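Me: I should like to learn how to read the features of a protein model step by step. Could you take me through the one shown here?

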Amino acid sequence: MIKIHARSFLLSIVILFSISSLSIVDAQFGGAAPQGPPPEGKIQGEVYDSLTGAPVAFANIIIQEALEKKDVDGGLTEENGKFKIKNLKNARYNVIVNFLGYQTKIVGPYKINKDVQEYNLGRILLNPSIKKLDEVTVVGQKDLIENKIDRMVYNAERDVTSKGGTAADVLRRTPLLTVDLEGNVSLRGSSNIRILINGKPSTIMSSNVADALKMIPADIIEKVEVITNPGAKYDAEGTGGIINIVTKTKKIQGVSGSIYASAGTKSSNLGSNLTIRMGQFGINANVGGYFWRGNGESVTDRENYFSPVNPFYRQVGTSSNYGGGMFGQIGADYDINSKNSLALTTRFPLNLFKTNNALTTYGGSMQSFLPFLFRRESDALNRTIGTDINLDYKKTYGKETEREFGVSAQYSYSNKKSEYEADQFDSMHILNYKENSPNLGLNKEFTFSMDYLYPFNKNINWEVGGKTILRNVYSDIYYDTLNIPNLQFLRDHSRDNVFDYDQNVAAAYSQITFPIHENLKVRAGLRYEHTFVKGSTEADNNDFKNNYASWIPSGLIAYTLKDKSTLKFSYSRRIQRPSMFYLNPYVNYNDPTNISYGNPQLKPELTESLELSYSFTKDVKNATISLYHKITNDLIDNYRFVDSLGRTNSTYNNQATNYSSGVSINAGIMKLGSIILNSTVNLYYQKIDSKQYAEVKNDAFSYSINGFANVYITPELGVTFFGFVNSPKLTTQGKQASWFVYSIGLRKDMWNKKGGITIGIDNPFNPKLNLNSEFKSSTFSYNAENKFLGWGVRIGLDYRFGKMEFGGNQKKRKGNLNDDLKQGEGDGGGGGGGRN
């Protein structure tokens, strides 16, 4: 059970009770809440082809405020061409209708007030496009990339090249993000990020992000949000930023859903999603299964400068990885009335994957001649079972005000069991050593939060909230070695360890958004977090504790120019607490000459960030240019050293400060029915100042470039291209070499655009991709050449069904965000059961 620290719990209760009381008192005495029932304006109509007279199904309907040209609502037409948009507040609206292969049509404006609440537009005729395709301009169409005040949004639905893949394929295409060949994710060169699913954390992500991303099919992802400088509302963790993966869930009336399937050489999946909504009650579900595989080769050369025995090593290895499982998400929501709603969501991933490694080790005193030492063959079977249960209550105060009050609770659980076995052979291939080791890892987390938004008027919003997070991490490890003469396994108690770790966080925040001038807006916030840490390791009977307070200021200034372009300046301070991946002292002995383990004594990182950005959108073109500077103290970084037995040890410490300054440029062109182009370039200078390795060169200019192109050959047939290049990655003791990926996709819409078939090819001219690394210190050098499976092909099929009516009481839900843990990276080939 999670151990609740009394002070953290009492502090949070006081904060949350104060917020709740504030909301109740404000509701009792009126505040800014309007009196009487809110307006419920409605616009409905039918969309038809002007030539054939046939209804146009699934056409885009955008409701736009006529004065500010701001999209406020929308949906799709039904199969019979009808649409109905409800619950519109008093204002003047344009109705924009567009669909691939037709000219966009704008009708209106229509004024909704207390006298006129409903408009029936009757038949709206769309003219087939007779212009050249490159002359048709999108109006109100959702772009592939959207730049919002505090985030960049990548609408993954529009990218066919990732269909049939995994979440890693989607993140690799997202601007500002980098996902290397091992599955490690970074944002502008920093891996200190937090990944959320639908705005919520998951304990599945806290152990190994690379493995967790393989458990999420690309086909269920709607969009990815990248937040580089989060405000005070967000948890203070995630020094590099926040990544929010949003799955496909829509609040609609009626029954609708989709079925998708794909088969490929690297990944396959089969699944469906279903949404049922009748009146005030709705249910949605995503259920499916998946399978993936990969293999690799490696050659590693090491030199231990001061080792009297075998100072030189060469290791040649092969690995194969495959796995699969089930992914499920079920949610239900209930609108108690027009102002109060409840939502319950649960996710239950199940994942099994196996890693087979074969590693041959040569060693000696002369680098030109290294005799055979041993060959080790190992297998690791990993099983992960978990669940996330979320309960959210939300209260709004009518359409005329943005005031809202919310309460969220979450329980997250992850159970990971690794079964590892290794056989070691001599030069005659005779078994001379055998060991096995099960490793049980448990991660439990409970979160409770309250958030309140109060608009003093139309332009000034105040937000206040509090949160309690209670975490427990538990790991139980032991090793059995084979006594070869009598073929009996004996327990090696010198390697037993039980790791028990509690981390409790109490937090409160306040944030205000207000205008200084008509075109100048400011957001300023302050967050306070108090962390209580307590843990123990059985191997050395070590009990430890650490309590610390953190004040987290943030601010943003946004100026809108005359051409509607935007200039923004932001500042934030962030902390990064180490997750179980970095803390767990489990020792990976898969290679007895090169061991790895976590460090339970790690301290949190602290990052100060400054960013200046300029964004503009004109006609079919858009661009964002950002200048940024970051300083991270007590950097959680991997470091290696040679121990007294001549073994290379790989673990983590806080012995460095990281400086990063750069510019990122994202630009795109989008023309409906013709072409979509988008590219992101990130150029930055990085310097790592190490207290321990001052003699190591640890600064460099780095870059990453990605490009996306979608070309429509016909209204139903499109071709997509994607490419990514990343420069060498800097670490405290060395660097990881540059690498690249690219893909080609083909999409054919079928069944009146209710579905289609997709074909994707990854790296068609590169069956294997290289990822090399080098590390150096005053005591050793380490160079590794790794090759991964590059070429792959997949084919996918999807079909949508059902009758949909958008609009109604669609509330934007804001859940509690536990974005406060530095999450694990891939271990580059897995063995030894991994760390849990």
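Me: Of the contacts in the protein chain with a separation of 6 or more, what percentage comes from residues 24 or more positions apart?

Reply: The model is a predicted one. In its protein chain, 69% of the contacts with a separation of 6 or more are between residues 24 or more positions apart.

Me: How many helices and strands does the protein chain have?

Reply: The protein chain has 47 strands and four helices.

Me: What part of the 836 residues is buried, and what area does the protein chain expose?

Reply: Of the 836 residues, 56% are buried. The exposed area is about 34700 Å², and 58% of this is supplied by carbon and sulfur atoms.

Me: How should I read a sheet, and in what order do the strands around β2 stand?

Reply: The general idea is that strands of a sheet pair through backbone hydrogen bonds, in either a parallel or an antiparallel manner. Here, four strands make an open sheet with antiparallel pairing, and their order is β3-β2-β5-β6. The edges are held by β3 (70–76) and β6 (105–112); each has a single partner strand, so one side of each lacks a neighbour in the sheet. On average, and with direction ignored, neighbouring strands of this sheet are turned by 25° against each other.

Me: Which residues stand opposite each other where β2 meets its partners β5 and β3?

Reply: Take β5 as the starting point. β2 (residues 60–65) and β5 (residues 91–98) are antiparallel and share six bridges. Asn-60 stands opposite Asn-98, and Ile-63 stands opposite Val-95. Towards β3, β2 again pairs in the antiparallel sense, over six bridges, and there Gln-64 faces Asp-71.

Me: Why is β2 described as largely enclosed by the rest of the structure?

Reply: The description rests on burial: five of the six residues of β2 are buried, so the strand is largely enclosed by the rest of the structure.

Me: How do I recognise unusual backbone geometry, and where does a cis peptide bond occur?

Reply: As a rule, most peptide bonds are trans, and most residues other than glycine have a negative phi. In this model, Gly-108 and Pro-109 are joined by a cis peptide bond with omega of about 5°. Pro-109 belongs to strand β6.

Me: Which values of phi do His-429 and Asp-634 have?

Reply: Both values are positive in a residue other than glycine: phi is near 60° for His-429 and near 55° for Asp-634. His-429 is located in the loop between β22 (404–425) and β23 (431–455). Asp-634 is located in the loop between β33 (621–633) and β34 (637–642). His-429 has a relative accessible area of 48% and is therefore partly exposed. Asp-634, with 24%, is likewise partly exposed.

Me: How are strands β37, β38 and β39 connected?

Reply: β37 (residues 675–690) and β38 (residues 699–714) run antiparallel and are joined by 13 bridges. Within that pairing, Ile-675 stands opposite Val-711 of β38. β38 is also joined to β39 (residues 717–726), in the antiparallel sense, by ten bridges. One facing pair there is Asn-706 with Phe-724. The link between β38 and β39 is a hairpin through two residues.

Me: How is a pair of aromatic rings described, and how many aromatic pairs are found in the whole structure?

Reply: A pair of aromatic rings is described by the distance of the centres and the angle of the planes. The search of the whole structure gives 17 aromatic pairs. One aromatic cluster is formed by Phe-405, Tyr-452, Tyr-454, Phe-456 and Trp-462.

Me: Which arginines lie over tyrosine rings?

Reply: Two cases can be named. The charged end of Arg-302 is placed over the ring of Tyr-313, 4.9 Å from the ring's centre. Arg-495 lies over the face of Tyr-479, at 3.6 Å from the ring centre.

Me: Is Thr-361 buried or exposed, and which residues does it contact?

Reply: Thr-361 is in strand β20 (residues 350–364). Its relative accessibility is 0%, and it therefore counts as buried. Beyond its neighbours within four places in sequence, Thr-361 touches Tyr-313, Arg-314, Gln-315, Pro-371, Phe-372, Leu-373 and Phe-374. Among these contacts is Tyr-313, whose ring carries the charged end of Arg-302 over it.

Notes:
Residues numbered from 1 in each chain as written. Predicted model: local features only at pLDDT ≥ 70, side-chain atom pairs only at ≥ 80, totals over all residues. Heavy atoms only, no water. Pairing = 2+ DSSP bridges. Axes fitted to C-alpha atoms, helices over the stretch in contact; angles between N-to-C directions. Phe/Tyr/Trp six-rings, centres within 6.5 Å; stacked < 30°, edge-to-face > 60°. Lys NZ or Arg CZ within 6 Å of the ring centre and 35° of its normal. Buried < 20%, exposed > 50% of the residue type's maximum accessible area, 1.4 Å probe, protein only. Contact = heavy atoms within 4.5 Å. Areas by Shrake-Rupley, 256 points an atom, 1.4 Å probe, with all protein chains shown as cover.
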